[in-house]
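This briefing looks at how one helix, a small sheet and several aromatic side chains are arranged with respect to one another. Please keep the sequence and the 3D view at hand while reading.

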Amino acid sequence: MLLKTRIMKFINKGATLFIFFFIFSATTINAQEIIKDTVKKAVPEKIPTQRQKIDGVIATVGDYLILDSDIDKSFLEISSQGGSVKDITRCQMLGKLLEDKLYAHQAVQDSIIVTDEEVKSKLEEQLNYMVEQLGSMEKAVQYFKKANEEEFRADLFEIIKMNKLSSEMTKRIVDKVEITPEEVRNFFKKIPASDLPTFGAEMEVAQIVIKPKITEAEKQKVIDKLKEFKKEVQEGSSFSTKAVLYSQDPGSSSNGGYYKMNKKTPFVKEFKDVAFSLAEGEISEPFETDFGFHIIYVEKIKGQEVELRHILLVPAISAESLKEAKEKITQIKKKIDEKVVTFAEAARAESDEKETKANGGLLVNPKTQDTHFELTKMDPSLYSQVSNLKEGEVSLPILDTDQNGKKKYKLVTVTNRINEHTADYAKDYIKIKEIALKEKQINAIAKWSEQKIKETYIKINGEYRECSFTNNWLKK
């Protein structure tokens with residue numbers, strides 16, 4: 001296979017494979033090749049119907065059994081996330097299940113724990129998606145050919161928990177993999193010039209943000225409300241229910257404000273400081289972060305990990321404060337247009353966004369951690385704001401609302417446009433490093449799997465022994 005083909009597979013197909021196999025994309029690329037279906041093909045776009053035979057054990061991995069019906073459940077899980085199953089054979093799905101069981105078996109050996117609360121959160125998310133797509137829970141139960149909602153939930157719960165164990169084990173493997181600049185350089189040198197990948201058109205973007213001032217009166221309103229919540233919970237009310245009803249954190253409100261975190265989890269410092277200062281069962285006083293005001297309830301402490309729930313309330317912004325913010329950013333734009341200051345100088349002096357102001361307002365791509373944004377992969381809202389700007393042109397003031405509902409005014413500019421080009425080591429080091437690291441992670445997983453297959457009791461029964469597997473599950 002040409003190296004170019006392999007590289008572009010990493011770049012272009014990772015997301016699709018993730019949907020199909022629900023674990024790290026790095027794992028799935030090497031996990032199963034497309035093979036001829038020697039048993040029975042999946043019904044296009046639908047979970048396969050139950051096979052008309054006794055549901056027996058078709059494979060064993062360590063302490064885990066795989067039933068023939070487990071293959072059907074896995075098709076159900078992929079379909080529940082909106083993925084297509086039409087090109088996945090039963091042999092391939094068994095291969096994926098064998099991997100999951102191997103990872104899960106080793107996860108148990110390594111004392112990796114997945115709580116029921118985590119699984120329930122994901123379960124509700126998937127059920128909501130299916131109900132939205134199909135119209136009702138009853139229709140979802142009928143579509144996936146389950147006897148009732150209870151059976152449907154039980155099957156999905158089991159699948160999600162297994163996949164979570166599998167992904168946690170995979171994450172533990174790849175998190176240990178690091179790559180040096182020398183390895184990246186050697187990786188790039190081995191690529192023939194004719195096989196170098198092409199990167200699409202990109203741009204660098206900077207912004208200046210002015211946030212409306214929040215009055216002390218509005219701050220006190222949410223502080224008093226959070227104190228009221230705390231008192232009611234201490235008197236017997238459900239913290240989880242209050243989070244669902246009132247929290248303005250879109251990332252956790254639907255699952256009762258639940259998060260699991262350790263000291264390396266990328267939460268803001270103020271939040272982590274409070275979370276790790278509390279005892280199990282304790283509720284914090286209201287405290288402030290850039291997102292608003294919070295209270296935290298610690299449910300469990302397990303070693304270095306904390307399981308918690310929180311409620312976020314965002315103080316309201318008055319019309320007067322919003323007007324003042326617009327007037328301020330309009331004056332900043334006027335100074336830039338009149339060349340009194342440069343955009344970068346204005347950002348450093350005036351911007352309220354501490355993440356970008358020190359860098360002259362330059363945005364960092366959260367996916368690549370560099371300052372380049374590929375046009376075809378840019379966030380649609382950001383693209384709409386900058387797509388028509390010429391290099392160096394400054395936008396009109398933009399009223400922006402973030403995912404927490406907080407309003408702010410901003411100016412944006414394109415500082416650099418980069419045309420489509422063949423990979424260049426100096427210009428594209430971050431992207432090349434990402435590809436090289438991904439290959440090293442794949443190799444690490446392959447080596448790990450090969451060793452664990454040798455060490456683990458594995459048996460495949462009946463007609464499935466005729467499947468063609470990439471991994472040596474049959475130990476031939």
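In this predicted model, helix H4 lies across strands S1, S2 and S13, and the helix runs at about 160 degrees to S2. The points below take up the helix, the sheet it lies across, and the aromatic side chains in turn.

**Helix H4**
- Helix H4 comprises residues 90-109, and because a rise of 1.5 Å a residue gives an expected span of 28 Å for its 20 residues, the 28 Å between its end C-alpha atoms agrees with that expectation.
- Of the 20 residues of H4, 18 are buried, so the helix is largely enclosed by the rest of the structure.
- Just after H4, the backbone at Ser 111 takes a positive phi of about 60 degrees.

**The sheet**
- Strands S2, S1 and S13 form, in that order, an open sheet of 3 strands with antiparallel pairing, in which the edge positions are held by S2 (64-67) and S13 (458-460), each of them pairing on one side only.
- From one strand to the next, the twist of this sheet averages 20 degrees.
- Strand S1, made up of residues 57-61, pairs with S13 in the antiparallel sense over 3 bridges, and Thr 60 has Lys 459 in S13 as its bridge partner.
- In general, the strands of a sheet pair through backbone hydrogen bonds, in either a parallel or an antiparallel manner.

**Aromatic pairs**
- The structure holds 8 aromatic pairs, and one of them, formed by Tyr 103 and Trp 448, is stacked because the ring centres are 5.3 Å apart and the planes meet at 25 degrees, which is under the 30 degrees used as the cut-off for stacking.
- This pair links distant parts of the chain, since Tyr 103 belongs to helix H4 whereas Trp 448 belongs to helix H16 (residues 429-455), with the two positions 345 residues apart in numbering.
- Tyr 103 is buried, with a relative accessible area of 2%, and Trp 448 is likewise buried, with a relative accessible area of 14%; both count as buried because the cut-off is under 20%.
- Elsewhere, ring pairs join Tyr 259, Phe 267, Phe 271 and Phe 287 into a cluster.

**Charges over rings**
- Lys 263 has its charged end over the ring of Phe 276, at 5.6 Å from the ring centre.
- Lys 431 likewise has its charged end over a ring, here that of Phe 199, at 5.5 Å from the ring centre.

Methods. Residues numbered from 1 in each chain as written. Predicted model: local features only at pLDDT ≥ 70, side-chain atom pairs only at ≥ 80, totals over all residues. Heavy atoms only, no water. Phe/Tyr/Trp six-rings, centres within 6.5 Å; stacked < 30°, edge-to-face > 60°. Helix = DSSP H or I, 4+ residues; strand = E, 2+ residues; numbered from the N terminus. Buried < 20%, exposed > 50% of the residue type's maximum accessible area, 1.4 Å probe, protein only. Lys NZ or Arg CZ within 6 Å of the ring centre and 35° of its normal. Expected span 1.5 Å × (residues − 1). Pairing = 2+ DSSP bridges. Axes fitted to C-alpha atoms, helices over the stretch in contact; angles between N-to-C directions. Contact = heavy atoms within 4.5 Å.
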